[in-house]
Amino acid sequence: MSVAALRFIPCRRLCTAAPGVKKVIPWKDLWKIAKVTGAIIMGGCVFITYEVITLDQAVTIDTQAILQEKQKSYIYLTPVTKKEHETLGTSMCLTYKARKELHKAARKFIEFSSRVLHHPLDERLSHLDADPHECSLWLLLKKTQSTIWTERLQAVQDLAHNHHWQDYQYRTAAQAIDHRTAIGLARTPQVDLRFFLPPPALPEVEDEFLIEDGLRQLLASLPQSEVDQCVQYFTSLALRESSQSLASQRGGLWCFGGNGLPYAQSLTTIPSEKVESFCLQALVQHSKVLSHCDHIVANGGLQLLQRVYQLRRDSQKIQRNIVRIIGNLALNENLHTAIVQSGWVSVLAEMVQSPHIMQASHAARALANLDRDAEVQKYQDGVYILHPHCRTNQPIKADVLFVHGLLGAAFKTWRQKDCDLTEDEKSAGVQEDYTECWPKSWLASDCPNLRILSVEYDTHLSDWRAKCPAENQRKSLAYRSGELLKKLKAAGVGDRPVIWVAHSMGGLLVKKMLLDATKDPELSPLVKNTKGVLFYSVPHYGTFMAEYSVNVRYLLFPSIEVKELCRDSPALRDLNENFISIAKDQEFKVLSFAETQPTSIGPMIKLLVVPGQSADLGIGDLIEVNVDHLNICKPEKKDTFLYKRSLQFIQDALGEQILC
């Protein structure tokens, strides 16, 4: 190299001294240089490729072990602002694109090397690509924050329906999602519960602390002045009575038109659980008062209810009352953040998947009241969603409302008829497919694009059995009608076609509501959209059972509901005439079922509660069924005439264009 430099220097000097002779490198020399350079480069590429392939064959990486370690390293995120979310999403998207482009370039180089070396390319290398699950999770999480409503709902649905996430990814998502997304996931059918964080740890309490004492303290802290008399009654009852006196007060007489009265419960029941139950009933009444909801939350009610819920997992009744309170609190949008932060979303998401329809329906109502992103309607206390429990892509085209009768209930009135299997059927392995609520199990399956609601209201056979003495003067049909119309309007009933299904006194209430709706311009859509009314043994012209109660009034003190059921009552006659006029004007369909079997009132008394003459409204078809008053609304099986004819009426009244 030094010799070449010495030779170069004289040349430079000659060039600067005078014009020199231009030297041209011969093509022969250029070919030699290119040949040597190409050989060196090709040899280097071959050597490097050989070393890479040899190393790949010699070294085997246990990817399973890496994956296991990866899953162990859970990621916990800190809530960030919207601007930080956008920056994070943009950087993640750019990183993802860069990884894809680099991988494509590397794959092309490997394919070129395989062709040069005439070596078959490993298929694993040709199809290897960057893991899309890592980035798609974050992309979906970013889309759940979109300002576009449809994109946001679709992102929540895609997030819930992707079942390829690893456990650590579920935990990551649980830390990253906001309240709105968590509620949307909870209302997605069969969502993975790993999307939800467990309820936060509750503060420690003293060893001597009792749940019933906490509930009593909460009740004592709530306002007692200028509130409903029944709220005061339930509060004083829960604060005053002992568990033994409460249990001794529970008894029962014969029932009429419903599901019967509970007989006295055993005194061996845990006393604290009885007191808790009555305290929760009082809290239910307080949660109906808008101004009291803030006091319940401010005084630690959400955490206390969470503690009771966890301790009483074996008591479905207590859990239903707790979720009923949460559903009432959720009617106030300013309390949604406190409810979510208290860990109730994960509890409701688990409960809505319960096989027990009553549990699932209570949770569905609470979640629907929390879900302000997909729901406009609000479901007040006593209005329960039987179908759909979750968000659905299928448009809801009509509403079907179920209204129970005297001493009835929103769920048990509409249960399947109890039937015991014979010994031969049991030996043959026949299993009884029993449903707690046939509108939810059967009707929702046959007509999935219906919204099925069931309403509940307290009724009593006599004032002696009234839960709240102050209610004795306000349980007339007129009062019930006004109360339920407000709730149904808040639930959006009347915005689409409606079918009414009523049992016993519930049919009189339906007629009264439709009559009152015609007098209110704001409720006129409810009447116009009514397409049909289905009556199960409704005493349109009264029943002599009410007179029987009046004759023994010194024992029973008949309530207003019973007094209004007297035969040939002028009020019932006017109600029928006005309803028939409305039905003819609006041209909606009417179908009535009548019982033909007597109902057992006591161990030695059987009576026909609603005779056929009273069940016949005078318009529409009248069908007599060989059942008693209690089972007229409880089909024995899905393929029985009672259910099939009811289903046919609903489909005919709505029309194929609605159900398609």
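Helices α23 and α28 are oblique to each other, because their axes cross at roughly 60° and an angle counts as oblique when it is not under 35, over 145 or between 65 and 115 degrees. The model is predicted. The points below start from this helix pair, move to the sheet beside α23, and then turn to a second helix pair and some single residues.

**Helices α23 and α28**

- The axes of α23 and α28 (residues 570-586) come within 10 Å.
- The crossing of α23 past α28 is left-handed.
- On the α23 side, the contact is made by L508, K511, K512, L514 and L515.
- On the α28 side, L572, L575, N576, N578, F579 and I582 take part.
- Sorted by class, this contact has seven nonpolar, two polar and two charged residues.

**H540, a loop residue that touches residues of both helices**

- H540 sits in the loop between β5 and α25 (544-551).
- With a relative accessibility of 0%, H540 counts as buried, because buried means under 20%.
- Leaving aside residues up to four places away in sequence, H540 touches L508 and K511, which are among the residues of α23 that meet α28.
- H540 also touches L572 and N576, two residues that α28 brings to its contact with α23.
- The other residues touched by H540 are F535, S592, S614, A615, D616 and L617.
- F535 lies within the range of β5 (530-536), and S592 lies within that of β6 (residues 589-595).

**The sheet**

- Seven strands form an open sheet in the order β1-β3-β2-β4-β5-β6-β9, and their pairing is mixed.
- The edge strands are β1 (383-387) and β9 (621-625), each of which pairs on one side only.
- On average, neighbouring strands of this sheet are turned by 20° against each other, direction ignored.
- Helix α23 (residues 505-517) lies across β2 (398-403), β4 (498-503) and β5 (530-536).
- Relative to β4, helix α23 runs at about 145°.

**The two edges of the sheet**

- At one edge, β1 pairs with β3 (residues 450-455) in the antiparallel sense over four bridges.
- Within this pair, I385 stands opposite L453 of β3.
- Five of the five residues of β1 are buried, so this strand is largely enclosed by the rest of the structure.
- At the other edge, β9 runs parallel to β6 (residues 589-595), and five bridges join the two strands.
- One of the residues in β6 is E595, whose bridge partner in β9 is V625.
- In a regular strand the side chains alternate between the two faces of the sheet.

**Helices α10 and α15**

- Helix α10 (residues 211-221) packs against helix α15 (residues 301-311) at an angle of about 150°, with the axes 11 Å apart.
- That angle makes α10 roughly antiparallel to α15, because angles over 145 degrees count as such.
- The crossing of α10 past α15 is left-handed.
- From α10, the residues in contact are I211, G214, L215 and L218.
- From α15, they are G301, L304, R307, V308 and L311.
- The residues of this contact divide into six nonpolar, two polar and one charged.

**Three alanines in helices**

- A366 lies in α19 (residues 357-370) and is buried, with a relative accessible area of 0%.
- Not counting residues up to four places away in sequence, A366 touches V323, G327, A330 and L348.
- From A366 to I385 the C-alpha distance is 10.0 Å, and the two are 19 residues apart in sequence.
- A478 is placed in α22 (residues 477-490) and counts as partly exposed at 45% relative accessibility.
- The C-alpha atoms of A478 and M513 are separated by 8.3 Å, although the residues are 35 apart along the chain.
- A298 belongs to α14 (residues 290-298) and counts as exposed, because its relative accessibility is 66%.
- A298 and A338 are 40 residues apart in sequence, with 9.6 Å between their C-alpha atoms.

Key: Residues numbered from 1 in each chain as written. Predicted model: local features only at pLDDT ≥ 70, side-chain atom pairs only at ≥ 80, totals over all residues. Heavy atoms only, no water. Buried < 20%, exposed > 50% of the residue type's maximum accessible area, 1.4 Å probe, protein only. Axes fitted to C-alpha atoms, helices over the stretch in contact; angles between N-to-C directions. Left-handed = near helix turned anticlockwise from the far one by under 90°. Contact = heavy atoms within 4.5 Å. Nonpolar A, V, L, I, M, F, W, Y, C, P; charged D, E, K, R; others polar. Pairing = 2+ DSSP bridges.
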